[in-house]
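Me: Hi! I'd like to go through this structure with you, a bit at a time. Here it is.

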Amino acid sequence: MRLVILDDYELASEWAAKYIRNRIVEFKPSADRYFTLGLPTGSTPYGCYQKLIEFHRSGDLSFKYVKTFNMDEYVGLPRAHPESYHSYMWNNFFKHIDIDPANAHILDGNAEDLEAECNAYEQKIAAAGGIELFVGGIGPDGHIAFNEPGSSLVSRTRVKTLAKDTIVANARFFGNDLSKVPTMALTVGVGTVMDAKEVMILITGAHKAFALYKAIEEGVNHMWTVSAFQQHPHTIFVCDEDATLELRVKTVKYFKAGLMHVHNQLVDPVLSMKDHYKL
Amino acid sequence: MPSNKSVSDAPIIQFTNCRILREHKLQREDLWVRDGKILDPEKLFFDEQGYADRCLDCAGAIVAPGFIDVQINGGYGVDFSQPCEDVSTGVSLVAKKILEHGVTSFCPTLVTSPPAVYHQVLPQINVHNGGPEGAGVLGFHLEGPFISSEKRGAHPERFLRTFRSGGTDDLMETYGSLDNVAMVTLAPELPHSQSVVSTLRQKGVTVSLGHSVANLSQAEDAVRHGASFITHLFNAMLPFHHRDPGIVGLLTSDQIPAGRTVFYGMIADGIHTNPAALRIAHRAHPSGLVLVTDAITAMGLPPGRHTLGQQVVQIQGLHAYVAGTKTLSGSIATMDMCVRHFKQAAGCSVEDALEAAALHPARLLGISHRKGSLHYGADADLVLLDDGLRVRTTYISGEEVWRAEL
């Protein structure tokens, strides 16, 4: 794995956004060859989305030939609800960029047949040629998407019941009223994300430190589903200092002091669509 | 990029680089319009996988709902109360000109007149939406003739009337038809007025109290029967007195039925109401304040002497005097001037000033589901303003109907 450690949340968000930008620009997406991007929601990736929007506004990055697949969506929450992941993606990303609405895919938590919806989503990903880069986050309980502790590490897109930890963590978005938080969600499986060519996990804040420790310094374990990515050939963990608080000094030194200059070459120079390809 | 607009083929316009008035705040958001109505872009994105056909850069302007003037007697030499064969030409002229002031809907107002005038004029102007030809007509505002003789102001005394009984007979005999009428101003101390108020309410006509010597309990009684507006607060009514606040007391009355608001018109031209009085009213009851111009024929005419009907009027700045005297002959401030003056005099926020000119009159007339606000589904009647609240562009149903010269 690459463990990219930045000093704070802003720098981590910026690094991640620059990396995504470089990957898209280098790929030279076109009408015949779309760049497929997996996307997360939540407070962690917010700064990264802000940066990507900035890059789009400056004319350096276009999403015209990008297809996106979000990781998850609550079951039974009206799509127009301000806390639905559809609302999050519209307000924090889609409305500010030039993505074709037909290429922005999010699971429908209000579908008549949830199982059919999940299977169809897997097919859409396959039809798009698979995911080039899947961006994700990590829960305090070490979950990726809504693959709660105990999820199969080869799981596919399906309905999951949320763990107590997750419900408590999400209560702050529902007026701190536990009874208002949805209890089920549709989520891509661990296996679904593992199929991506490359996986980038954003982890910031001291409250995620223990989960990061379990995910990368302990064994592969279905109780900490992010640990599955130890077996993916191309995983990048992007964190801030606070998220590394539970790691061994040796691990942090190896990746920070030892490898940061290598990591920085991935985002420096930062490429622009203006130089690299014509729409 | 081809798009799948499964609901409608009408072009979608996206107003960008602007601050829109939504949920009582100016927010940095884009405004989407289709088919003359405000569109929900999130639904468009997810349901229809659609996007804008055209982006309009607003250069940082404020985008507010178009202003609504519920009391305007004429302008540009036109007097709505002047009986004539062809009323619509005059109304259309004024309707076109007030687009420059950001007004997208209005109530042409008739002062106390003989029945023959109402019978002739009312059927000639239907309620209709505006467009490039001019602001929309929401219906007539009939100020009189059922008003107090003592407080008639400039209204002709010989045409004042009282209610012989409480029924619709007096209304029908006087006005002819109420089809094109949005509002009636009357004096609630007149006997039998209560049932007239109820009748008008039932017919969907807004009832306003004005040109009256009513005390507070008579005014409260009228409100209980359905009255919901006060015509030009402070003017043509008993002054506020601390033991009998009169009609002015409605602003803080505890007798207003639950769920109802009493609105009040203010002529905020800096002349008809002392700024301190304006502030007292605004602070006492901010959500009821409705800006009106109460503009007369002379509004919009250049400074100097003008002969208007039987009167000779002298215009100096924002003052219109009976020529050769210091007697005010009416208001000539435009709606956008009133908005600017109100904001400055009341010391209120931009949002409050803009709502007093659009949201509150829309609520008063019971049309706030489609006018006076920028919520999804509302009519796209817009006014684009600079930071000084000067009108740059006016839109009706999403179509540009006036643009300021640069």
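Me: Let's start with a single residue: is A:Lys180 buried or exposed?

Reply: A:Lys180 is exposed, and its relative accessible area is 54%. Do keep in mind that the model is a predicted one.

Me: Thanks! Which side chain does A:Lys180 meet in a salt bridge?

Reply: That would be A:Asp177, with 3.2 Å from N to O. A:Asp177 is partly exposed, at a relative accessible area of 27%.

Me: Over to the two chains, then. How many residues does each one bring to the contact?

Reply: Chain A brings 14 residues and chain B brings 13. About 1,200 Å² is buried between the two chains, and carbon and sulfur atoms account for 64% of that.

Me: Which residues of chain A lose the most area to chain B?

Reply: Those are A:Arg79, A:Trp90 and A:Pro101, which together make up 53% of what the chain A side buries.

Me: And how many salt bridges cross that interface?

Reply: Two are found between chain A and chain B. In one that links A:Lys95 with B:Glu29, the closest N and O atoms are 2.9 Å apart. As for polar contacts between the chains, the count is three residue pairs.

Me: Which helix of chain A gives the most to the side touching chain B?

Reply: Helix H3 of chain A, residues 85–92, gives the most, with three residues. By type, that side of chain A has seven nonpolar residues, two polar ones and five charged ones.

Me: Changing topic: how many salt bridges are there over all chains?

Reply: The count comes to 30 over all chains.

Me: Let's look at chain B. What does B:Arg224 pair with?

Reply: The side chain of B:Arg224 meets that of B:Asp221 in a salt bridge, at 3.2 Å from N to O. Both residues lie in helix H6 of chain B (residues 216–225), three residues apart, which is about one turn of the helix. B:Arg224 is partly exposed, with a relative accessible area of 43%.

Me: What about B:Asp379: buried or exposed?

Reply: B:Asp379 counts as buried because its relative accessible area is 5%, and the cut-off for buried is under 20%. The side chain of B:Asp379 forms a salt bridge with that of B:Arg370, 3.9 Å from N to O. B:Arg370 is partly exposed, at 30% relative accessible area.

Me: Which residues are linked with those two in a network of salt bridges?

Reply: B:Lys37, B:Lys371 and B:Asp381 are linked with B:Arg370 and B:Asp379 in that network.

Methods
Residues numbered from 1 in each chain as written. Chains lettered and ligands numbered in written order. Predicted model: local features only at pLDDT ≥ 70, side-chain atom pairs only at ≥ 80, totals over all residues. Heavy atoms only, no water. Contact = heavy atoms within 4.5 Å. Buried area = accessible area lost by both parts, 1.4 Å probe. Salt bridge = Lys/Arg side-chain N within 4 Å of Asp/Glu carboxyl O. Polar contact = N/O pair within 3.5 Å; in protein donor to acceptor, adjacent residues only side chain to side chain. Helix = DSSP H or I, 4+ residues; strand = E, 2+ residues; numbered from the N terminus. Nonpolar A, V, L, I, M, F, W, Y, C, P; charged D, E, K, R; others polar. Buried < 20%, exposed > 50% of the residue type's maximum accessible area, 1.4 Å probe, protein only.
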